[in-house]
Amino acid sequence: MAFKPLPIGVDDFENIFDKGYYYADKTLMIKELLDKKGKVNLFTRPRRFGKTLNLSMLKYYFEDTGDANKNCKNAELFRGLAIMEAGEAYTAAMGQYPVVMLTLKSAKQNNYKIAYACLREAIAEEFDRHEEAVLERLKNPEDVEKYRAVRGRRAEDTDYFTSLAFLSKCLFEAYGRKCIILIDEYDVPLESSYFNGYYEEMVGFIRSLFESALKTNPYLEFAVVTGCLRVSRESIFTGLNNLKMCSVLDESYSEHFGFTEKEVREMLSFYGRESSFEEVRRWYDGYCFGETEVYNPWSILNRMDAICTNPQAFPKPYWANTSSNSIVRSLVDYADDEDGQMKEQLERLLNGGTVEKPIHEDITYDSIYDAEDNLWNFLFFTGYLKKVSMRMEGEECLVEMAVPNMEVSYIYKNTIRSWFDKKKKGFQVAPLYAAIEKGDTETMEQEICGFLERTISYFDYGESYYHGFLAGLLGLNGKYRVLSNRETGLGRADIVLKTPRIRKGRAVVLEIKVARDFQDMEKCCGEALRQIEEKKYCERLRHEGYEDILAYGICFYRKECVVGIGETLS
């Protein structure tokens, strides 16, 4: 079988086939759209789940370009794909409509003026794409002038606010058929405007653009809009009664965004990497759209690329690098400020547990912090949590949620590590060091447990988690050098503290254990002390010249610890 390159970052349907990329066939989405006959279809899916490529597919399938040769070339793109076997009722729609396709993803600027300019540019480019077919057929000179003004980036603001509706009218005059409107990443300018302080201005523009094009537009055949979140009807889709919403909770279209398990297995087989399936499943599976199990397509493509080059390549969190993950940071900060319940829920998720929360799809960016439930909703609909089960309680929909997979778990844990690095700078570690120097194990236990209580913890890292936690704390004191896993005696002590001065200085050895049960903590602490003695961890320190040496065994269980003191040399 011939090799096919992987379409990483390729979101143009024509480019997929011109360059011979591997393609997981999603063309039956076309059949479902035609069957369901939704007037305005809003699809919300997490980022990097194939929304842009699917819109591009729809454009190439439905668009009458006004050029017979180009229409034939577009039709060739679908040769051998599933939609061509669906029947004449569906293939008859191929190349029959003028299509408007607009992406709003360029509006990520830090002020409204620049963001609005970028949106005007995107609109002007779409006018430019249709100019040859439209201008020679428009009858009204004023429409011709207005069209040229929008295309030329010199129209009035009001013209851009209603530009999609105007373009669809012009296309109807040119082709004699209603148009299809495709809008990609509609919520990007809303998210950016919220975090940069110009939300109301951007909402006003997007609302006007959508209302005129989607609400009472006699020249609209149907529309498809995509984004990560549904922004509430009152905010954007005011009075749009013909809106068909399709989120990750709906069974409709569930297999068309992301890869199904069957598609993942077929891809692995195509590239001869079937043995990697279980690893791929642990890292990148876990999403549930409707009742369909779905894999993250961005991560799958990147992982396939890695293991095609090196079958032994370590898995990476590819999805983590495609966004700032600011919503996860918001959750961590929110949990830090709360009374402990939210922190407990976050810790439960990171340890493989679940939380149950009410879900409502009518949300806005400016309401993230109005209520705790809004933050959970944002995490759910943007792909940082998955559905485990769902039930109705009265009129309220409750969803049991979990972290989808190892990749997303990495995002949470990496965010928490960064948060802890900042937070620990405010910790006062002098009492802990005083207790260490005095051999006061009871105070050491109190101080360490107190620090643990103030952090957001996860325990599947076992000993390495506590090792990093304690080493980070101890590193805040400039009196000692903190050496981690340095070779001493017959092995490696977990943590060694040493004063820069040897003569009249001090060294401390700390060995860490993690108990499986609370009742085993004393026993594990004793094992840590025996290891220090048997492995002669203090021996090299004595040879270095340190005379005052302290040795501690520390056992952790959840947010509890037991400290034991061993050999003291002075």
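Start with helix α19, which passes helix α20 in a left-handed crossing. Before you zoom in, keep in mind that this is a predicted model.

**Stop 1: two packed helices**

Select residues 430–438 for α19 and residues 441–453 for α20; their axes lie 8 Å apart and make an angle of about 150°. Angles over 145 degrees count as roughly antiparallel, and therefore α19 and α20 are roughly antiparallel to each other. Now show side chains at the interface. On the α19 side, pick P431, L432, A435 and I436; on the α20 side, the residues they meet are T443, M444, E447, I448 and F451.

**Stop 2: the five-stranded sheet**

Next, switch to cartoon view and look for an open sheet of five strands with parallel pairing, ordered β2-β3-β4-β1-β5. Which strands stand at the edges? Colour β2 (99–103) and β5 (243–246): each has a single partner strand, so one side of each has no neighbour in the sheet. Going from strand to neighbouring strand, the average turn is 15°, direction ignored.

Walk across the sheet from the β2 edge. β2 runs parallel to β3, and five bridges join the two. To see the pair up close, select T103 and, opposite it in β3, D184.

Move on to β3, residues 179–184, which is joined to β4 by five bridges, again running parallel. Here I183 is the residue to click, with V225 of β4 standing opposite.

Now pause on β4 itself, residues 220–227. Is this strand enclosed or open to the outside? Seven of its eight residues are buried, so β4 is largely enclosed by the rest of the structure.

On to β1, residues 40–44, which pairs with β4 in the parallel sense over five bridges. Select F43 and you'll find T226 of β4 opposite.

**Stop 3: T44 and its surroundings**

Stay in β1 and select T44. Its relative accessibility is 2%, so T44 counts as buried. What does T44 touch, leaving aside residues up to four places away in sequence? One run of contacts is G227, C228, L229 and R230, and the other is M245, C246, S247 and V248.

**Stop 4: helix α7**

Jump to residues 141–151, helix α7, and highlight its buried residues: D143, V144, Y147, A149, V150 and R151. Which helices do they pack against? Bring up α6 (112–135), α8 (157–161) and α9 (163–175), the packing partners of the buried residues of α7.

Both ends of α7 are worth a click. At its start, select N140: a side-chain oxygen of this residue comes to within 2.8 Å of the backbone nitrogen of E142. Just after the helix, check the backbone of R153, where phi is positive at about 65°.

**Stop 5: the three-stranded sheet**

Finish at a second open sheet, this one with three strands in the order β6-β8-β7 and antiparallel pairing. Colour its edge strands, β6 (259–260) and β7 (287–289); each has a single partner strand, so one side of each is left without a neighbour in the sheet. Then select β8, residues 292–295, which pairs with β6 in the antiparallel sense over two bridges. For the last click, take T260 together with V294, its bridge partner in β8.

Notes: Residues are numbered from 1 along each chain as its sequence is written. This is a predicted model: local features need pLDDT of at least 70, side-chain atom pairs count only at pLDDT 80 or more; totals for chains, interfaces and linings use all residues. Side-chain values use heavy atoms; hydrogens and water are left out. Two strands pair if DSSP finds at least two bridges between them. Helices (H or I, at least four residues) and strands (E, at least two) are DSSP runs, numbered from the N terminus. Buried means under 20% relative accessible area, exposed over 50%, partly exposed in between (1.4 Å probe, protein chains only). Contact means heavy atoms within 4.5 Å. A polar contact is a pair of N or O atoms within 3.5 Å; within protein, one must be able to donate a hydrogen and the other to accept it, and residues adjacent in sequence count only if both atoms are side-chain atoms. Axes are lines fitted to C-alpha atoms, for helices over the stretch in contact, and angles run from 0 to 180 degrees between N-to-C directions. Angles under 35 degrees count as roughly parallel, over 145 as roughly antiparallel, 65 to 115 as roughly perpendicular and the rest as oblique. A crossing is left-handed if the near helix is turned anticlockwise from the far one by less than a right angle, and right-handed if clockwise.
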